[in-house]
Amino acid sequence: MIINRPRRLRRTPALRRMVRETVLSADDLIAPLFVAAGSGIVRPIRSMPGYAQLSVDQLDPEINEIAELQIPAVLLFGIPAYKDPTGSSGWDPEGPVPQAIRAIKRLAPQLTVIADVCVCEYTSHGHCGILAETPGSGDVLNDPTLEILARCAVTYADAGADIVAPSAMMDGQVAAIRTALDAAGHTHVAILSYAAKFASAFYGPFREAAESAPAFGDRRAYQMDPANGREALREVELDVAEGADMIMVKPAGAYLDVISAVRQRYHLPLVAYQVSGEYAMIKAAAQLGWLDECRTALESLIAIRRAGADMIITYFAKDAARWIGSE
Ligand code: PBG
């Protein structure tokens with residue numbers, strides 16, 4: 001005789017709903033946007049079907065749609081008009097990101113605006129900081145880079161960002177940015193730290209989207225080795241100590257163990273970034289008819305929530321908010 005029959009609770013849709021442990025809601029989603037300098041730009045990103053770089057004058061319909069879908073936040077990346085070795089267009093108050101922040105705050109003040117803080121989109125060499133003199137070494141100088149990251153963060157806070165999100169993986173970046181924000185009178189602006197950011201092949205399509213591929217070398221001297229889980233906890237610990245308000249694990253799908261371990265040990269809101277390659281894989285397989293896009297995307301998102309993420313940055317944000325509503 002079989003005493004335990006878990007299938008009893010899977011019999012009807014209502015029973016399944018009652019025993020469901022994890023839910024995904026539009027409240028959990030953050031939509032990334034690529035904002036290009038210039039005007040009249042809607043430039044589709046080949047490796048991210050359904051996504052395009054938009055100039056600030058083209059943002060309104062996108063922002064209205066995101067707000068109508070009850071998605072609470074956007075994450076902004078900039079594609080600047082000019083690049084130089086230090087990424088100075090990253091802290092230009094007339095650059096695409098500060099302009100977009102002001103435009104979004106005028107149009108939809110209820111929307112939380114998060115500005116990514118890194119210089120790889122703004123440097124001529126595509127690395128996430130200032131390079132050592134030795135040509136071609138690709139060695140990013142940590143401490144001089146902190147100064148420029150802090151400048152970028154203050155520029156975005158000045159423009160009205162609610163949250164800044166340092167993603168350069170420089171040591172001490174959270175403390176440097178906190179100090180600079182406070183000194184500039186932005187004590188209310190929060191820091192979402194890309195605490196555990198891995199040197200991942202899954203960022204491939206983003207580098208096309210943000211035009212930020214390193215011109216030489218790679219990011220393995222500052223982003224984390226995908227083999228290291230304990231080191232991720234150390235990175236989180238340091239960022240918490242430096243004053244991070246929220247922490248992030250990135251990418252998400254291949255790092256569910258890291259999300260789960262961070263969730264168990266820390267009490268700050270935890271964000272996971274379902275990155276461009278995770279999106280592209282599902283999109284490509286769906287286009288070939290090999291996977292059902294809606295079901296695969298929602299399953300990937302619920303898995304990230306189940307692992308322990310409170311919020312998910314995802315290129316599926318708008319689609320997912322629609323799909324959840326129609327379930
Ligand atoms: C910038 C940055 C990257 C991503 C977010 N911020 C790229 C990188 O480190 O190369 C990746 C996001 C994605 O793949 O969706 N430092």
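**Backbone geometry and the ligand site**

At 6% relative accessibility, M169 counts as buried, because a residue is classed as buried when this value is under 20%. This residue of the predicted model is found in the loop that runs between strand β8 (163-166) and helix α5 (173-183), and its phi is positive, at about 60°, although M169 is not a glycine. Most residues other than glycine have a negative phi, and most peptide bonds are trans.

A positive phi is also found at Q70, again a residue other than glycine, where the angle is near 65°. Q70 lies in the loop between α2 (60-68) and β4 (73-79), and its relative accessibility of 55% is over 50%, so Q70 counts as exposed. Thus M169 is buried, whereas Q70 is exposed.

A further backbone feature concerns the peptide bond from K250 to P251, which is cis, with omega near -10°. P251 lies in the loop between strand β10 (246-250) and helix α8 (256-265), while K250 is listed among the closest residues around the ligand.

The surroundings of the ligand were examined next. In total, 17 residues surround the ligand, and the closest of them are R207, Q223, K250, S276 and Y315. When the residues of this shell are divided by chemical character, nine are nonpolar, three are polar and five are charged. Several contacts between side chains and the ligand involve polar atoms. For Y315, an N or O atom of the side chain is 2.6 Å from an oxygen atom of the ligand, and for R219, a polar side-chain atom lies 3.0 Å from an oxygen atom of the ligand. In the case of S167, the partner in the ligand is a nitrogen atom, which is 3.5 Å from an N or O atom in the side chain of this serine. Taken alone, the ligand exposes 400 Å², and the protein buries 100% of that area. In agreement with this, the space taken by the ligand is the largest cavity.

Finally, a pair of residues far apart in the sequence was considered. L75 has its place in strand β4, and because its relative accessibility is 0%, L75 counts as buried. The C-alpha atoms of L75 and A165 are 8.6 Å apart in space, although the two residues are separated by 90 residues in sequence.

Notes: Residues numbered from 1 in each chain as written. Predicted model: local features only at pLDDT ≥ 70, side-chain atom pairs only at ≥ 80, totals over all residues. Heavy atoms only, no water. Helix = DSSP H or I, 4+ residues; strand = E, 2+ residues; numbered from the N terminus. Buried < 20%, exposed > 50% of the residue type's maximum accessible area, 1.4 Å probe, protein only. Near = heavy atom within 4 Å. Polar contact = N/O pair within 3.5 Å; in protein donor to acceptor, adjacent residues only side chain to side chain. Areas by Shrake-Rupley, 256 points an atom, 1.4 Å probe, with all protein chains shown as cover. 1 Å grid on protein atoms, 1.4 Å probe; cavity = no way out; pocket = protein on both sides within 12 Å on 5 of 7 lines; lining within 4 Å. Sits in = over half its atoms within 2 Å of the grid points. Nonpolar A, V, L, I, M, F, W, Y, C, P; charged D, E, K, R; others polar.
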